[in-house]
Amino acid sequence: MPSPSGERAPRRRELRARRAIAFVESPVQLLNVLEWARTGGADDDLTVVVLSPTDPMSRGQLRRMAELARDEGCTVRWQEARSGAGAPLKTVRQLAPLLHRAGRIVIGDPFSRYVQLLLTMARGKRLTVVDDGTATMEFLGQLARGGRLVRWHRRGGPRGPRELVLAPVTAAARRRLTPTAARSVEVFTSMPVQEVPEGIDVTENRFEWTRATFGPPKLLDGADLVGTSLVETGVVDVAQYTEAVTSLAREHHAIRYFAHRRENADKLHALHAATGLEIVRPDLPLEVIARRGPTSRTILSFPSTVVHTLPLALADTGVKVAVCDIAPEWLKANASPRAQGFLSGVTSAAKDVHRLVTPA
């Protein structure tokens, strides 16, 4: 006769297999966890852990997205992961039991050192990388080529002391992100991917949850312009960017400028003064804001994630999405040598968008 403990062991394994834990650090990542769950990817028991950033706009958007996730039946755990020197160690210690019990790990940013550290502790046999925009394209390419996991806008060259200290963590995480006979890896993305490592399953993100939950929007005449944080990441010169925004706003009769959550307030004030555009700080990811409306009939953007995601989120609305390339002379002298090629690739791979003539 089986012992009580013997009877419980299979049940424990079954419960563990049905538990999923998702780690997100941005509102877009949380949105795409919900999109992934909509496709049937979510296990019966999904816990979303928000590794909270420090900037106020991201935190505000994440709070709103967390409310939506709870409405969808997710358990949401808000983790002040960056609140002080001891926060990372405390966070890892608190999350260790969740990692141990999870059968599936879901992550939004494979380049995040925080996520990489947590991956080294993961025992789950299933791993899903949900869409983090254009970074997903770069991640798959680097994994296929066997290179280091480095964000596209970082300059090459020798690694600094911090990179050297974290190198073993990055290497271990990279091994976790590589499928084996005992571990499946899925990538859930709306981005066009060309280099897919052997064994990785790619599932298309069509923004079904967003379309089913919001809109369709009321349409306004004129255009909305989507901001970018390329100035803040050190890629584009601020004066060149201001001039480009001014030219686009004038030519296309733009009325609003939707700021990226990482855009600097001083830069936004300067853009308002130069263009007269209404500066909007969205409280949710732009895919949700545009779907909820009101939305202008034309949305203008520079190369970014939204040139791929907005046509999907607004597929049945008649909204036109147009993209303006980044001219080589806009780049800062110390920008990554890979920047121009990567940004051009983002534009050329986009479907259902109109390409604009770059302002002179």
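These legends describe close-up views of aromatic rings in a predicted model.

**View 1. Y241, F302 and W330 form one aromatic cluster.** The structure holds 3 aromatic pairs. Two views of pairs within this cluster follow.

**View 2. Y241 and F302 form a tilted aromatic pair.** The ring centres lie 5.3 Å apart. The planes meet at 45 degrees. Y241 belongs to helix 9, residues 238-252. F302 sits in the loop between strand 11 (295-301) and helix 12 (306-313). The two residues are 61 apart in the chain, so the pair links distant parts of it. Y241 is buried, at 1% relative accessibility. F302 is also buried, with a relative accessible area of 1%.

**View 3. F302 and W330 form an edge-to-face aromatic pair.** The distance is 6.2 Å centre to centre. The angle between the planes is 75 degrees, and over 60 counts as edge-to-face. W330 lies in the loop between strand 12 (320-324) and helix 13 (339-348). F302 lies in the loop between strand 11 and helix 12, so this pair ties together parts that are 28 residues apart in sequence. W330 has 3% relative accessibility and therefore counts as buried, the limit being under 20%.

**View 4. The charged end of R63 sits over the ring of W78.** The charged end of R63 is 3.6 Å from the centre of the W78 ring.

Notes. Residues numbered from 1 in each chain as written. Predicted model: local features only at pLDDT ≥ 70, side-chain atom pairs only at ≥ 80, totals over all residues. Heavy atoms only, no water. Phe/Tyr/Trp six-rings, centres within 6.5 Å; stacked < 30°, edge-to-face > 60°. Helix = DSSP H or I, 4+ residues; strand = E, 2+ residues; numbered from the N terminus. Buried < 20%, exposed > 50% of the residue type's maximum accessible area, 1.4 Å probe, protein only. Lys NZ or Arg CZ within 6 Å of the ring centre and 35° of its normal.
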